[in-house]
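This report looks at how two protein copies meet two DNA strands. It begins with a single contact and works outward to the fold.

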There are 2 protein chains.
Amino acid sequence: MLTPRKQPRQQRSRETVAVILEAAAQLFQRHGYAGTTTNKIAERAGVSIGSLYQYFPNKDALLVALAEHYLTQSAEQVAQVFSRAAEHRPSLHDLLTDLVGCVADLHTDRPELHRLLFDQAPRTPGLVTRFRQAEQQIAGALAGELRRLRAGGPDPGLSALLAVQGIEAQLHGALLDQPDGRDTSGHVQAVIRLWHRALAAAP
Amino acid sequence: MLTPRKQPRQQRSRETVAVILEAAAQLFQRHGYAGTTTNKIAERAGVSIGSLYQYFPNKDALLVALAEHYLTQSAEQVAQVFSRAAEHRPSLHDLLTDLVGCVADLHTDRPELHRLLFDQAPRTPGLVTRFRQAEQQIAGALAGELRRLRAGGPDPGLSALLAVQGIEAQLHGALLDQPDGRDTSGHVQAVIRLWHRALAAAP
DNA sequence: CAATAATGCGAGCTATTCTCAGTTTTCGGT
DNA sequence: ACCGAAAACTGAGAATAGCTCGCATTATTG
């Protein structure tokens with residue numbers, strides 16, 4: 001059990017949950033996951049440790065809750081890219097520019113939070129699945145666009161999945177563990193060019 | 001300090017270190033990192049907890065030592081791919097087949113160990129750097145081959161880095177967090193095809 | 001064969017997660 | 001307004017895991 005312990009019913013307790021999550025986010029970002037104790041989180045939130053454990057069965061559950069929130073928000077951003085695409089039917093290059101730009105923004109908007117969740121995700125069972133889900137959802141949408149553009153080769157579904165996985169890894173490497181001396185915008189441009197060549201329909 | 005506490009000088013202590021690492025590897029793989037206590041490791045290794053902490057300053061150091069060993073071994077495997085390439089000067093497609101196959105083997109040979117290290121790496125400061133180093137080293141070698149083949153576009157160095165990051169992420173997703181219903185060898189083939197299109201010299 | 005250095009030992013100190021019995025606050029019905 | 005029940009809150013402390021330190025044992029050196 002990672003999320004469900006007790007559902008807050010009254011207004012008071014909903015605020016308690018919110019203030020706990022806010023405190024957790026701040027302390028995790030400042031001192032890292034291991035460097036933050038649940039007692040400190042409760043203290044900072046101005047509630048007792050008992051209240052914290054009334055809504056979160058363990059420390060990991062705090063992380064899962066933060067990730068849930070973050071992933072939902074991210075999914076909305078990416079969904080907008082595809083709803084724009086459905087309307088304007090852009091070229092492959094324009095679509096990739098939009099998509100890669102969006103994912104890059106997700107990294108740079110709140111880099112600490114992004115890194116925190118990404119770093120902790122692998123060791124928290126539920127989170128890996130959740131991340132993969134988001135990945136597949138985006139890949140599904142991308143696959144649709146590739147079919148419209150007659151791009152992505154014989155198996156657009158698979159190509160789309162590989163593209164999503166690749167783009168995420170490349171941008172993560174570029175924006176969060178920056179190899180020294182490379183300029184960011186050139187890096188992003190290179191990612192777009194590369195995927196354009198990989199996915200473009202044969203001429 | 002993550003590695004250096006005391007250097008084992010006598011034969012006896014070198015065996016102690018070896019048996020501790022062996023026990024750590026087994027227990028980490030069986031019960032996960034968090035699910036393994038240092039006391040259990042010492043017990044399984046047949047040494048006292050004090051001896052363990054004489055050579056490893058903390059629990060993370062055990063992980064770093066295992067990673068060090070694994071990365072060295074992996075680097076050798078990949079180096080062989082490029083020394084073969086230097087001799088036979090293969091086509092881009094053959095080179096990619098060899099490289100991707102090699103990286104895939106690294107994932108499937110000891111999947112538990114690979115996943116363990118990969119999952120824990122992000123939260124262990126020294127390990128991230130160490131992984132990125134390995135990545136850049138491989139990218140450097142690949143960049144050389146791309147230049148020979150006049151492939152990889154205007155900046156073969158950057159293209160090579162993106163390729164290495166992408167391939168690792170895609171194979172990791174395919175082999176360790178398998179999306180249901182996809183066959184593995186087809187997946188690997190798709191990765192090769194995709195990178196061939198992305199990197200091939202314009203005709 | 002001392003004297004010295006290296007290695008090994010494990011009870012217990014410290015810090016952290018999480019529980020639980022009891023108190024306070026809110027809510028619904030009369 | 002009042003009361004009983006449910007929800008929310010509290011914090012001492014149980015349980016556990018990482019790690020230390022003083023001392024015992026084994027190897028090396030001169």
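Which phosphate oxygen lies 3.0 Å from a polar side-chain atom of B:Tyr55? It belongs to DNA strand C. A polar contact here is a pair of N or O atoms within 3.5 Å; within protein, one must be able to donate a hydrogen and the other to accept it, and residues adjacent in sequence count only if both atoms are side-chain atoms.

**Basis**

This is a predicted model: local features need pLDDT of at least 70, side-chain atom pairs count only at pLDDT 80 or more, and totals for chains, interfaces and linings use all residues. Residues are numbered from 1 along each chain as its sequence is written, chains are lettered from A and ligands numbered from 1 in the order in which they are written, and side-chain values use heavy atoms, with hydrogens and water left out.

**DNA contacts**

The table lists polar contacts to both strands.

| Residue | Protein atom | DNA atom | Distance |
|---|---|---|---|
| B:Thr16 | side-chain N or O | phosphate oxygen, strand C | 2.4 Å |
| B:Ser48 | polar backbone atom | phosphate oxygen, strand C | 3.0 Å |
| B:Tyr55 | polar side-chain atom | phosphate oxygen, strand C | 3.0 Å |
| A:Gln10 | polar backbone atom | phosphate oxygen, strand D | 2.9 Å |
| A:Arg12 | side-chain N or O | sugar or linking oxygen, strand D | 3.2 Å |
| B:Lys59 | backbone N or O | phosphate oxygen, strand D | 2.9 Å |

**Strand C**

Elements of both chains line this strand. Those giving two or more residues to the surface near DNA strand C are α2 (38–45) and α3 (49–55) of chain A, with α1 (11–31) and α3 (49–55) of chain B. Helices (H or I, at least four residues) and strands (E, at least two) are DSSP runs, numbered from the N terminus. The largest share, 5 residues, comes from α3(B).

A residue is near a strand if one of its heavy atoms lies within 4 Å of it. DNA strand C has 26 residues around it; A:Asn39, B:Arg9, B:Ser13, B:Thr16 and B:Ser51 come nearest. Sugar and phosphate make up 74% of the strand C atoms that come within 4 Å of the protein.

By class, the surface near strand C has 6 nonpolar, 14 polar and 6 charged residues. Nonpolar covers Ala, Val, Leu, Ile, Met, Phe, Trp, Tyr, Cys and Pro; charged covers Asp, Glu, Lys and Arg; the others, Gly among them, are polar.

**Strand D**

DNA strand D is surrounded by 26 residues, and the closest are A:Arg9, A:Ser13, A:Thr16, A:Ser51 and B:Lys59. Of the strand D atoms within 4 Å of the protein, 74% belong to sugar or phosphate and the rest to bases. α3(A) gives the largest share of this surface, 5 residues. The class counts near strand D are 6 nonpolar, 14 polar and 6 charged.

**Two copies**

How are the protein chains related? A turn of 180° with a shift of 0.0 Å along the axis lays chain B on chain A, with an RMSD of 0.1 Å. The two copies are thus related as by a two-fold rotation axis. The superposition is by least squares on the C-alpha atoms of residues with pLDDT of at least 70 in both. Of the interface residues of chain B, 100% are also interface residues in chain A, so the copies meet through the same surface.

**Fold and domains**

Chain A has 9 helices and 0 strands. Its C-alpha trace spans about 65 × 40 × 25 Å along the principal axes.

Chain A is divided into domain 1 (1–57) and domain 2 (63–201), with bounds from an automatic or database domain assignment. Their C-alpha centres lie 30 Å apart. Contact (heavy atoms within 4.5 Å) takes 9 residues from domain 1 of chain A and 10 residues from domain 2 of chain A.

**Record annotations**

UniProt, in an unreviewed entry, lists "domain: HTH tetR-type" at residues 14–74 of chain A. That span is 80% helix and 0% strand, with its end C-alpha atoms 23 Å apart. UniProt also places "DNA-binding region" (unreviewed entry) at residues 37–56 of chain A. There the chain is 75% helix and 0% strand, and the end C-alpha atoms are 14 Å apart. UniProt positions use the numbering used here, feature names are shortened, and annotations may be inferred rather than shown by experiment.
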